[in-house]
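Visitor: Got a minute to walk me through this one? I'd like to start with the cysteines.
Guide: Sure, let's pull it up.

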Amino acid sequence: MGTYLLALDQGTTSSRAILFDCRQNIVAVAQKEFAQQYPRQGWVEHDAMEIWSSEYAVMMEVLAKADVPARDIAAIGITNQRETTVLWDRETGRPIYNAIVWQCRRTSGLVDDLLAQGYGDHIRKTTGLVPDAYFSATKIKWILDHVEGARARAEEGKILFGTVDTWLLWKLTGGAVHATDVTNASRTMLYDIRKLVWDETLLRALDIPRAMLPRVCSSSEVYGYAALQGVQVPVSGIAGDQQAALFGQTCFAPGEAKNTYGTGCFLLMNTGHVPCESKNGLITTIAVGLGDEVQYALEGSVFVGGAVIQWLRDEMRFFTESQDAEYYAQKVPDTGGVYLVPAFTGLGAPYWDMYARGCIVGLTRGTKREHIIRAAQESIAYQVADLAESMEKDTGLPLSHLKADGGASRDRFLMQFQADILNRPVRRPVIRETTALGAAFLAGLAVGVWSDREAIKALWVCDQEFTPQMTDAQRQALLRDWHRAVGRSRGWAEE
């Protein structure tokens, strides 16, 4: 058997391939950006053929860079941008419309229709999701409604639906396999996360033919084979990007959580074998499927995480490089009472206020650029703390520590402040490519590279642990004023 694992990490703006050895070391990386299409305001599309060609190109490039022959690849794992929707012709293998991206808002009216017809509670209870245009279901309906003859052909099984993982698996296996895994199925707003079946009620409500849907598998099994340099390599791991990161961070036990510090922030907590219904605006989702066993997670999203630092760099021109934020934040002992609430596009969980807008409060004549930069840094940690508190309330599971990944996790000031405001240790791994690593772990587990999750857990190495150093009184005072600042930002854009 081969000794390397190939992870295909298909994101929203780029396709990447990372080659790992069986000790989880990165051997080579290749990345290729692809075009973002905005045909109308609020619409976002990708060319699914470009997604495939860019992913295929980086897969070949990474093998060439590493000088590793295909026979040495034990398995391929796929992780992907979630909810993005592709419909294609079974016979030609070509998309019938551009991929509609998770960010696209064109189907908001279809969601309003579902709510008006009284499906809101059914969606929440069955799929674990908050009814929204973010998910795949209404995107499928929109394409079927707008491409002539598509619905009739879909009923005959001639048009196939897939999220990006399914599309890549179909192409890799030469059209032999039309399948997805439970984590991606759980993001479609069509999947019953308790019974683990496509939900007939929602399929009927949206007039989506059952014949076009993929077979739903576990996250770690041999789905099919990809021909690489004449060698049949098993494709044996699939998970949506945030679930893959949770697995890559080895959050295998209930109460274990990771936060990805990217443009936004995604906090996921493993809740074990029972789905936890949120009373605090979080999403219930499937964390992973292994064999017949499914683990669930609670997920909370911060819309503006690292993006607030980009805003200070690009729009406010406070510095030229994002990493300079850490330097400036440490030039002052505190924010001088300044709070920045980055509600540029409203507030996500636990507030769900689409009329909230960004604000800076507590300014005085003595406020300097450094105070505002520090307040922006701290705003990321405060928002994550709000999510963590919601998760603890929903689950009754105390968070023992938080594992951190994503670009902004390299910022030591932010990581220390996060530990202080959570009053929990924050652990950052040596391998920060946790999304790709999760896909590699799932693929390797299926073909026997690792015997079980314990063998994988033994590989996780901490780069740095940040321990809380703040007094309770100071923490409570800061959080109280943060929540006052959030109150000032809420409902601002309402007429």
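Visitor: How many disulfides does a search of the whole structure find?
Guide: Zero, where a disulfide means a pair of cysteine sulfur atoms within 2.5 Å. Before we go on: this is a predicted model, where local features need pLDDT of at least 70 and side-chain atom pairs count only at pLDDT 80 or more, while totals for chains, interfaces and linings use all residues. Residues are numbered from 1 along each chain as its sequence is written, and side-chain values use heavy atoms, with hydrogens and water left out.

Visitor: What's the nearest cysteine sulfur to C251?
Guide: That of C462, 12 Å away.

Visitor: Is C251 buried or exposed?
Guide: C251 is buried, at a relative accessible area of 3%. C22 is partly exposed at 32%. The cut-offs are under 20% for buried, over 50% for exposed and partly exposed in between, with a 1.4 Å probe and protein chains only.

Visitor: OK, new topic. How many residues are in the largest nonpolar core?
Guide: It has 56 residues, and Y261, F319, V341, L402, I421 and V426 have the most contacts inside it. A core here is a set of buried Ala, Val, Leu, Ile, Met, Phe, Trp, Tyr and Cys residues joined through side-chain atoms within 4.5 Å.

Visitor: Which element gives the most to this core?
Guide: α12, with twelve residues. Helices are DSSP runs of H or I with at least four residues, strands are E runs of at least two, and both are numbered from the N terminus. There's also a second, separate core of 45 residues, including V101 and I193.

Visitor: Back to α12. How does it cross α16?
Guide: The axes of α12 (residues 369-395) and α16 (residues 472-489) come within 11 Å and cross at roughly 90 degrees. Axes are lines fitted to C-alpha atoms, for helices over the stretch in contact, and angles run from 0 to 180 degrees between N-to-C directions.

Visitor: Which residues make the contact?
Guide: S379, Y382, Q383 and D386 of α12, with L478, L479, W482 and H483 of α16. Contact means heavy atoms within 4.5 Å.

Visitor: And N259, where is that found?
Guide: In strand β15, residues 257-261. N259 is buried, with a relative accessible area of 0%.

Visitor: What does N259 touch?
Guide: Leaving out residues up to four places away in sequence, N259 touches C265, F266, L267, V384, L402, K403, A404 and D405.
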